[in-house]
Amino acid sequence: QAALPIAPGARSAQPIISEDLFPTVLGIAGAADKIPAGYPVDGRDIRPYLAQRDSDPERPLYFHYPHVWGPHGPGYEPHSAAVFGKWKLIYFYTSKAFELYDLSADLGEEHNLATTEPTQLRELAVRMDHDLRAMGAQWPTDRATGKELPMVLPGS
């Protein structure tokens, strides 16, 4: 792949995540074609965004943690989250609770809109559930029974 000219100080408003760094570095090194077939690579090469040749402002970003991590406390239980444009959706598997935020008006995530925006909540929850299933995401499991604990959609 030919090098993309990136101007010094180039900026992009394209949302990206840390998982984009691996495919970007592989692309810079000319090694993107060295990934074994079927090897899962999360993220995408962000050089086209920096070269301002591509943009996908509605690209969903997923954060899936189907396990307990870190110390005990808020945010440390198994959860999935996604950013869809201006919306951020979080699902907590243990409590089966959703949180919904309008990041364009509430970047600090102080006003949970899950109860006041039920249509938006359901639409995004269905989309996140579908996309996680399509990606083959692992679900949390009940330690006592060994059964998977998939997302429970609102209104189910």
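Okay, quick definition to kick off: I call a residue buried under 20% relative accessible area, exposed over 50%, and partly exposed in between, with a 1.4 Å probe and protein chains only. Helices and strands are DSSP runs numbered from the N terminus, H or I of at least four residues for a helix and E of at least two for a strand.

What you're looking at is a predicted model, where local features need pLDDT of at least 70, side-chain atom pairs count only at pLDDT 80 or more, and totals for chains, interfaces and linings use all residues. Residues are numbered from 1 along each chain as its sequence is written, and side-chain values use heavy atoms, with hydrogens and water left out.

Let's start with helix 1, residues 21-28. Which of its residues are buried? P23, T24, L26 and G27 are. They sit on the same side of helix 1, because they cover an arc of only 160° around the axis, taken from the directions from the axis to the C-beta atoms. The face turned away from that buried side carries V25 and I28, both exposed. The buried residues pack against helix 2, which is 47-50. Just after helix 1, G30 takes a positive phi of about 70°.

Now the sheet. It's open, with four strands in the order 1-2-3-4 and antiparallel pairing; two strands pair if DSSP finds at least two bridges between them. Why do strand 1 (61-65) and strand 4 (97-102) each have one side without a neighbour in the sheet? They stand at the edges, each with a single partner strand, so that side is left free of a neighbour in the sheet. On average, neighbouring strands are turned by 10° against each other, direction ignored; the axes there are lines fitted to C-alpha atoms, and angles run from 0 to 180 degrees between N-to-C directions.

In the middle, strand 2 (residues 79-84) and strand 3 (residues 87-92) run antiparallel, joined by six bridges. One of those links pairs V83 with K88 in strand 3. K88 is a lysine that counts as buried, at 17% relative accessibility. Its side chain makes a polar contact of 2.9 Å with the side chain of E109. By polar contact I mean N or O atoms within 3.5 Å; within protein, one must be able to donate a hydrogen and the other to accept it, and residues adjacent in sequence count only if both atoms are side-chain atoms.

Over in strand 2 we have H79, buried at 10%. The H79 side chain reaches the backbone oxygen of E77 at 2.9 Å. Beyond four places in sequence, H79 is in contact (heavy atoms within 4.5 Å) with residues including F63, W69 and I90.

Then P78, in the loop between strand 1 and strand 2, is buried at 9%. Leaving aside neighbours within four places in sequence, P78 is in contact with Y65, Y93 and P140, among others.

Last, the cores. A nonpolar core is a set of buried Ala, Val, Leu, Ile, Met, Phe, Trp, Tyr and Cys residues joined through side-chain atoms within 4.5 Å. The largest has 18 residues, and L89, F98, L100, M128, L132 and M151 have the most contacts inside it. Strand 2, strand 3, strand 4 and helix 3 (118-134) each give two or more residues to this core, with helix 3 giving the largest share, five residues. Apart from that lies another core of eight residues, among them A81, V83, I90 and F92.
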